[in-house]
Amino acid sequence: MQILEFDLDGEYVELHILLKLCGLVDSGGMGKQVVASGVVSVDGVQELRKTAKIRAGQVVRVDDEVEIRVMDPA
């Protein structure tokens, strides 16, 4: 499994944007499609909300292939 660390710049990032910023998809629209397909989980729970607010300390997984650890830059 590939593990990525994402330094959060602000209070939160929307899930579909996080996938784009991490380079997993080419656009926010593609990010929305990936979330809608049901392969994304946040803290071990399937997440279908495309604009879910992801905050520092949360872990996002995509299809058990990529894990994104959202870090607090402070």
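Contact here means heavy atoms within 4.5 Å. On that basis Gln-58 touches Val-42, Asp-43, Lys-53, Ile-68, Arg-69 and Val-70, leaving out residues up to four places away in sequence. The model is predicted. Its open sheet has five strands in the order S1-S7-S6-S3-S4, with mixed pairing. The largest nonpolar core holds 18 residues.

**Sheet layout**

- The edges of the sheet are strand S1 (2-7) and strand S4 (45-46), and each of them pairs on one side only.
- S1 pairs with S7 in the parallel sense, over six bridges.
- Within that pairing, Ile-3 has Glu-67 of S7 as its bridge partner.
- Strand S6 (residues 59-62) and strand S7 (residues 66-71) run antiparallel and are joined by four bridges.
- Two of the partnerships with S7 are Val-59 with Arg-69 and Val-60 with Ile-68.
- S3 and S6 also run antiparallel, with three bridges between them.
- Ser-41 has Arg-61 as its bridge partner in S6.

**The S6-S7 hairpin**

- S6 and S7 form a hairpin, with three residues between them.
- Asp-63 sits in the turn and has a positive phi of about 55°.
- In a regular strand, side chains alternate between the two faces of the sheet.
- S6 shows this alternation: Val-60 and Val-62 point to one face and are buried.
- Val-59 and Arg-61 point to the other face and are not buried.

**Nonpolar core**

- Nonpolar side chains tend to be buried together in soluble globular proteins.
- Leu-18, Ile-54, Val-60 and Ile-68 touch the most other members of the largest core.
- Two or more residues come from each of S1, helix H1 (15-21), strand S3 (40-42), S6 and S7.
- Val-60 is in contact with Leu-15, Leu-18, Val-40, Ser-41, Val-42, Ile-54, Val-66, Glu-67 and Ile-68, setting aside neighbours within four places in sequence.
- Ile-68 is thus listed as a contact of Val-60 and is also its bridge partner in S7.

**Gln-58 and Lys-53**

- Gln-58 lies in the loop between strand S5 (53-54) and S6.
- The side chains of Gln-58 and Asp-43 make a polar contact of 3.3 Å.
- Lys-53, one of the residues that Gln-58 touches, lies over the face of Tyr-12, at 4.8 Å from the ring centre.
- The count of aromatic pairs is zero.

**Glu-47**

- Glu-47 is placed in the loop between S4 and S5.
- Glu-47 counts as buried because its relative accessibility is 11%, and buried means under 20%.
- A polar contact of 2.8 Å links the side chains of Glu-47 and Arg-49.
- Beyond four places in sequence, Glu-47 touches Leu-15, Val-35, Val-40, Ser-41, Val-42 and Ala-52.
- Among these, Leu-15, Val-40, Ser-41 and Val-42 are also listed as contacts of Val-60.

**Gly-38**

- Gly-38 is in the loop between H2 and S3.
- Gly-38 counts as partly exposed because its relative accessibility is 21%, and the cut-off for buried is under 20%.
- Gly-38 is in contact with Gln-46 and Leu-48, leaving aside neighbours within four places in sequence.
- Gly-38 and Leu-48 are ten residues apart in sequence, and their C-alpha atoms are 6.2 Å apart.

**Met-30**

- Met-30 belongs to helix H2 (residues 28-36).
- Met-30 has a relative accessibility of 37%, so this residue counts as partly exposed.
- Met-30 and Leu-19 are eleven residues apart along the chain, with 8.9 Å between their C-alpha atoms.

Terms used: Residues are numbered from 1 along each chain as its sequence is written. This is a predicted model: local features need pLDDT of at least 70, side-chain atom pairs count only at pLDDT 80 or more; totals for chains, interfaces and linings use all residues. Side-chain values use heavy atoms; hydrogens and water are left out. Two strands pair if DSSP finds at least two bridges between them. Buried means under 20% relative accessible area, exposed over 50%, partly exposed in between (1.4 Å probe, protein chains only). A nonpolar core is a set of buried Ala, Val, Leu, Ile, Met, Phe, Trp, Tyr and Cys residues joined through side-chain atoms within 4.5 Å. A polar contact is a pair of N or O atoms within 3.5 Å; within protein, one must be able to donate a hydrogen and the other to accept it, and residues adjacent in sequence count only if both atoms are side-chain atoms. Rings of Phe, Tyr and Trp (its six-membered ring) pair if their centres lie within 6.5 Å; planes under 30 degrees apart count as stacked, over 60 as edge-to-face and the rest as tilted. A charge sits over a ring if NZ of Lys or CZ of Arg is within 6 Å of the ring centre and within 35 degrees of the ring normal.
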